[in-house]
Amino acid sequence: RRKKAMNQQYTSFLYAFEAVPPFKIVARSGLFCLPHVVENTEDRRFGNPFLHLTRDVSVSLMGHDFDCPKIHFISSITQSVDESKVIISYGINDCVPATTEVT
């Protein structure tokens, strides 16, 4: 069973803003969190000595526990070759890099 995070939990949201000053925000997504990294050889994360540090605490919001890292930070978002998807790169607990593809 996972320990519950007591503070310093991260969630994310996306937003869009106008292309001209004053860059008014025109849309915002709901809150979400990003997935844990699964160790495997295919994406070269096998043997990462910090990987175990990312799975010990889950996010708990409004009485619900979520199976995602307590701390994550989105560093980039880019459109995939398949234009219906985006690729999000992010860091987990300042230890492990990760990417996920979202439709």
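**Exercise 1. The aromatic cluster**

Task: Determine which residues ring pairs link into a cluster in this predicted model, and describe the geometry of the pairs.

Solution.
Step 1. The cluster comprises Phe13, Tyr15, Phe17 and Phe23, joined through ring pairs. The structure contains three aromatic pairs.
Step 2. A pair of aromatic rings is characterised by the distance between the centres and the angle between the planes.
Step 3. For Tyr15 and Phe17, the ring centres lie 6.0 Å apart and the planes stand at 35 degrees. An angle under 30 degrees would count as stacked and one over 60 as edge-to-face; the pair of Tyr15 and Phe17 is therefore tilted.
Step 4. Phe17 also pairs with Phe23, at 6.2 Å centre to centre and with 90 degrees between the planes, an edge-to-face arrangement.
Step 5. Phe17 has a relative accessibility of 47% and is thus classed as partly exposed. Phe23, at 42%, is likewise partly exposed.

**Exercise 2. A charge over a ring**

Task: Identify the ring over which the charged end of Arg28 sits, and state the distance from the ring centre.

Solution.
Step 1. The ring is that of Phe13, and the charged end of Arg28 lies 4.2 Å from its centre.
Step 2. Phe13 also belongs to the cluster treated in Exercise 1.

**Exercise 3. The salt-bridge network**

Task: Establish how many salt bridges the structure has, and which residues they link in a network.

Solution.
Step 1. The count is two salt bridges.
Step 2. One joins the side chains of Lys85 and Asp82, with an N to O distance of 4.0 Å.
Step 3. Another joins Glu101 and Lys85, at 3.8 Å from N to O. This pair connects distant parts of the chain: Glu101 belongs to strand β8, whereas Lys85 lies in the loop between β6 (72-79) and β7, 16 residues apart.
Step 4. Lys85 occurs in both the Asp82 bridge and the Glu101 bridge; Asp82, Lys85 and Glu101 accordingly appear as one network.
Step 5. The relative accessible areas are 25% for Lys85, 36% for Asp82 and 46% for Glu101. Because partly exposed covers values from 20% to 50%, each of these residues falls in that class: Lys85, Asp82 and Glu101.

**Exercise 4. The β7–β8 hairpin**

Task: Describe how strands β7 and β8 pair and what the turn between them contains.

Solution.
Step 1. Strand β7 spans residues 86-92 and strand β8 residues 96-102; they pair in the antiparallel sense over seven bridges.
Step 2. One bridge partnership is that of Ile88 with Thr100 in β8.
Step 3. Three residues separate the strands of this hairpin, and Asn93 in the turn has a positive phi of about 50 degrees.

**Exercise 5. The largest nonpolar core**

Task: State which residues make up the largest nonpolar core, and which strand gives the most to this core.

Solution.
Step 1. The core has nine residues: Leu34, Val37, Leu51, Ile74, Ile88, Tyr90, Ile92, Val96 and Ala98.
Step 2. β7 and β8 each supply at least two of its residues. β7 contributes the most, with three residues.
Step 3. Leaving aside residues up to four places away in sequence, Leu34 touches Cys68, Pro69, His72, Ile74, Ile88, Tyr90 and Thr100.
Step 4. In soluble globular proteins, nonpolar side chains tend to be buried together.

Note on methods. Residues are numbered from 1 along each chain as its sequence is written. This is a predicted model: local features need pLDDT of at least 70, side-chain atom pairs count only at pLDDT 80 or more; totals for chains, interfaces and linings use all residues. Side-chain values use heavy atoms; hydrogens and water are left out. Rings of Phe, Tyr and Trp (its six-membered ring) pair if their centres lie within 6.5 Å; planes under 30 degrees apart count as stacked, over 60 as edge-to-face and the rest as tilted. Buried means under 20% relative accessible area, exposed over 50%, partly exposed in between (1.4 Å probe, protein chains only). A charge sits over a ring if NZ of Lys or CZ of Arg is within 6 Å of the ring centre and within 35 degrees of the ring normal. Two strands pair if DSSP finds at least two bridges between them. Helices (H or I, at least four residues) and strands (E, at least two) are DSSP runs, numbered from the N terminus. A nonpolar core is a set of buried Ala, Val, Leu, Ile, Met, Phe, Trp, Tyr and Cys residues joined through side-chain atoms within 4.5 Å. Contact means heavy atoms within 4.5 Å.
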